[in-house]
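Visitor: I would be grateful for a close look at one part of this model, with attention to how its side chains meet.

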Amino acid sequence: MNFIKMVDKLVLLLLTSEMHLSLRVLKEEGDGLLRAEVGQDVSLFCDYQMMGDTLYSIKWYRDDKEFYRFRPRESPPVTTYFLPGVSVHRRSSPTHLIIHNISSSTSGIFKCEVSAGPPRFIT
């Protein structure tokens with residue numbers, strides 16, 4: 001059976017932000033493993049709370065390769081990037097991605113990255 005593993009690797013980085021009361025990641029209980037059969041759809045969730053700051057972006061990665069970006073102040077706010085085995089369903093939202101028609105090339109470590117406030121440097 002194929003499986004997808006979702007890991008919240010950014011907890012330590014975001015805890016620093018939490019100390020400044022800008023963002024808090026809400027971690028799911030359980031082992032973080034999602035198991036699915038080829039051809040199924042899989043839902044991935046990114047839960048967080050803004051703690052006095054504004055949302056800048058939500059990014060999704062598989063094996064450290066970005067495939068989805070949401071920046072609410074941009075037009076259009078959503079950008080998707082081609083990644084073999086990852087097809088984001090059109091019913092997805094930034095915090096609830098639906099990966100459509102998974103295959104053996106879909107498996108990997110998925111994570112979301114939530115950024116509060118604008119970057120502290122010039123872009």
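Which side chain does E74 meet in a salt bridge, and what is the distance from N to O?

Guide: The model is a predicted one, and the values below are computed from it. The side chain of E74 meets that of R71 in a salt bridge, with 3.1 Å from N to O. The two partners differ in exposure: E74 has 36% relative accessibility and therefore counts as partly exposed, whereas R71 has a relative accessible area of 17%, which lies under the 20% cut-off, so R71 is buried.

This contact belongs to a set of 3 salt bridges found when the whole structure is searched. Side chains of opposite charge can pair when their charged atoms come close. Another of these bridges joins R69 to E66, whose closest N and O atoms are 2.8 Å apart. R69, like R71, is classed as buried, with a relative accessible area of 18% for R69 and 17% for R71.

The remaining bridge connects D64 with K111, and here the closest N and O atoms lie 2.7 Å apart. D64 is placed in the loop between strand 6 (55-62) and strand 7, while K111 is part of strand 10, so this bridge ties together parts that are 47 residues apart in sequence. The accessibility of the two residues is again unlike: D64 is exposed because its relative accessible area is 52%, over the 50% cut-off, whereas K111, at 14%, counts as buried.

K111 has a further contact to consider. K111 also lies over the face of Y61, at 5.7 Å from the ring centre. K111 thus takes part both in the salt bridge with D64 and in this contact with the ring of Y61.

Strand 10 also contributes to an aromatic contact. The search of the whole structure returns 1 aromatic pair, formed by F67 and F110. Their ring centres are 5.9 Å apart and their planes make an angle of 80 degrees; the arrangement is edge-to-face because that angle is over 60 degrees. F67 sits in strand 7 (residues 65-70) and F110 in strand 10 (residues 109-116), so the pair links distant parts of the chain, 43 residues apart. Both rings belong to buried residues: F67 has 1% relative accessibility, and F110 has a relative accessible area of 0%.

Taken together, two of the contacts described here reach strand 10: the salt bridge from D64 to K111 and the aromatic pair of F67 with F110.

Terms used. Residues numbered from 1 in each chain as written. Predicted model: local features only at pLDDT ≥ 70, side-chain atom pairs only at ≥ 80, totals over all residues. Heavy atoms only, no water. Phe/Tyr/Trp six-rings, centres within 6.5 Å; stacked < 30°, edge-to-face > 60°. Helix = DSSP H or I, 4+ residues; strand = E, 2+ residues; numbered from the N terminus. Buried < 20%, exposed > 50% of the residue type's maximum accessible area, 1.4 Å probe, protein only. Lys NZ or Arg CZ within 6 Å of the ring centre and 35° of its normal. Salt bridge = Lys/Arg side-chain N within 4 Å of Asp/Glu carboxyl O.
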